[in-house]
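Let's take a walk through this structure, one neighbourhood at a time. Keep the 3D view open and follow along.

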Amino acid sequence: MEEEEAEVYDGVRAQFPLTFGKQSKSQTPLEKIHNTTIRKAPPTSAANAEAQSTSFPSLSSSSKAGLDSLRPSPKSSSNPTLSPGPPPAQSTGSNSFVAHVSIGPPRPQARDVDEEEDGEVMVGPPRPPPGLADDDDDDEDGVMIGPLRPPAPADSDEEDLLYRIPTSNEIVLGGHSKVVSALAVDHTGSRVLSGSYDYSVRMYDFQGMNSRLQSFRQLEPFEGHQVRNLSWSPSADRFLCVSGSAQAKIYDRDGLTLGEFVKGDMYIRDLKNTKGHISGLTCGEWHPQAKETILTSSEDGSLRIWDVNDFKSQKQVIKPKLARPGRVPVTTCAWDREGKRIAGGIGDGSIQIWSLKPGWGSRPDVFVEKGHSEDITCLKFSSDGQILLSRSFDCSLKVWDLRQMKEALKVFENLPNNYAQTNIAFSPDEQLFLTGTSFERESKTGGVLCFYNRAKLELVSRVGISPTFSVVRCAWHPKLNQIFATAGDKSQGGTHVLYDPTLSERGALVCVASAPRKKSLDDFEVQPVIHNPHALPLFRDQPSRKRQREKTLKDPLKSHKPELPMTGPGFGGRVGVSKGSLLTQYLLKQGGMIKETWMEEDPREAILKYADAAEKDPKYIAPAYAQTQPDPVFAKSDSEDEEK
């Protein structure tokens, strides 16, 4: 009987799923989550409406040309009786002949035989399957109705994907109280560092962060100094922090300080004899391949190469070439991809490049005297070592050919720049490069990311980041396929992360989908009060001394309270203001030595007035000398000697 009941139970249990009767948590679909982070189109003016309606901010120029050709011709759209429709995916060739000519939407796809037997007659030969239509059919005498198929190359789909910019969704990593001036994303794309003018560095972890987008650690490298640059090591186990002070710091991956480089002696004139920088740092980067070498530049007019294992002194000091002797700050520095060349932007607008070869010195191999008219904020090498990009305060971005540095290949102007940390970044395939612009009150564009085509040297797209903030730093991570842009002003700052759910991977997709854990009753903890009467005096609760302090303040001796001036007649050994605040003045007034008119009298006459009285009744000086000098001895006149 028990076996039969068990079989019956198993049969009935098999009809229900295993999760029957269990309460499962409702999960929000990813589509709804990403819909909340879709970028909203900024309000546009009437003048720019037409220009923006025909622009493709997420496609290249070649893709734009292909999509423009897919639109219906103006002649067909001008006919009010015709309804424009989507263009055909394949060229119909000779198969476009039908019993009645129809201009407008394409013919629907071929139907099944069962549907054709219902009474609907299909006129003309059936449409060939996709891919079998021969291109030679277009050259026949038949008339083709509708727009022509665009001349698409074989790799058109691949080209569209390469030029596709992931800007459909956006999240903001906030927390800073001023503009974010430094940005670093590790090579794996899991951790993000952001430094700001509020003197702090925030660390974000995409894997451990939820949709609240809060940083897991905050650092303050140097009190009162702005953070100017951050750079990860090649192994991503340490990072370099460059601030406005003269000493750079090294931190590990979790934000613990490993050391800081020494500061040089500011009283030594020759910079090569100092052990470190003597003025504030401007930029710094880790070597792209050697994990023990870093490069820094400073306002003292030098570049220095350091060994991470030796914080006491640098390995090499580089003094740039100057037109006149003096100290001109080095505003930025950069490595090439292999770490064999160093580029420096000098405060006089010159660009200098050094090749790291045996016996190299401070003399630059490439010297562009007037690269920019103002300070250079960023230099960027291409991975193939053929192109150098430069960004400056003169609101321009220049493209240089490293094989011919006499003149720039292209100059992009009207790019406002108000921050010394505004940089340039390449796309993962380096077919595009991008930079940010600063907000200006005169123009209403705000902070914008500008994308340029490297091959054609033309503007591809402009993506608005903020209408009131300036865009300073930008980066396009190759593994995540996400764009990072820092922005802010004097009161607020954050890092904008642009991504596309269909193109991007991990990164922002992970933390957006991770909802914050809801608080439950189990999370409530009562803070216990521990009473320990035998604790050490250091940890003992101090009794309240409020009454003792009040009593001390009332005691004039203990509180060292100064004496107040007398307002009336004197008492207790003190003289009132009316009689004179000092005892000497009081005595002289009582003795008649001081009169009210003594300021108006001649001093000589006032003294001689008492000469007769002093001889008859000596009172002060004569009695003092009565025994030692009864007869006064006066000095003889030297008038006779002077006359001779």
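**A glycine, a sheet and a patch**

At 26% relative accessibility, Gly 174 counts as partly exposed, because that label covers values from 20% up to 50%. Bear in mind that you're looking at a predicted model. You'll find Gly 174 in strand E1, which spans residues 169-176. Leaving aside residues up to four places away in sequence, Gly 174 touches Arg 202, Tyr 204, Gly 493 and Gly 494. Try Ser 194 as another landmark: Gly 174 and Ser 194 are 20 residues apart in sequence, and their C-alpha atoms sit 9.6 Å apart in space.

Now for the sheet. Four strands form an open sheet in the order E2-E3-E4-E5, and the pairing is antiparallel. Which strands stand at the edges? Those are strand E2 (180-185) and strand E5 (217-219); each has a single partner strand, so one side of each is left without a neighbour in the sheet. On average, neighbouring strands here are turned by 20° against each other, ignoring direction.

Zoom in on one of these pairings: E2 runs antiparallel to strand E3 (residues 191-196), and the two are joined over 5 bridges. If you want a spot to check by eye, look for Val 185, which stands opposite Val 192 in E3.

Last stop, further along the sequence: Tyr 620 sits in the loop between helix H12 (611-616) and helix H13 (621-624). Is Tyr 620 buried or exposed? With a relative accessible area of 61%, Tyr 620 is exposed, because the cut-off for that label is over 50%. Together with Ile 621 and Tyr 625, Tyr 620 makes a nonpolar surface patch of about 400 Å².

Methods
Residues are numbered from 1 along each chain as its sequence is written. This is a predicted model: local features need pLDDT of at least 70, side-chain atom pairs count only at pLDDT 80 or more; totals for chains, interfaces and linings use all residues. Side-chain values use heavy atoms; hydrogens and water are left out. Patches are made of residues with over 30% relative accessible area and no salt bridge: like charges are joined within 9 Å, nonpolar side chains (Val, Leu, Ile, Met, Phe, Trp, Tyr) within 5 Å. Accessible areas come from the Shrake-Rupley method with a 1.4 Å probe; for residues, only the protein chains shown count as cover. A salt bridge is a side-chain nitrogen of Lys or Arg within 4 Å of a carboxyl oxygen of Asp or Glu. Buried means under 20% relative accessible area, exposed over 50%, partly exposed in between (1.4 Å probe, protein chains only). Contact means heavy atoms within 4.5 Å. Two strands pair if DSSP finds at least two bridges between them. Axes are lines fitted to C-alpha atoms, for helices over the stretch in contact, and angles run from 0 to 180 degrees between N-to-C directions.
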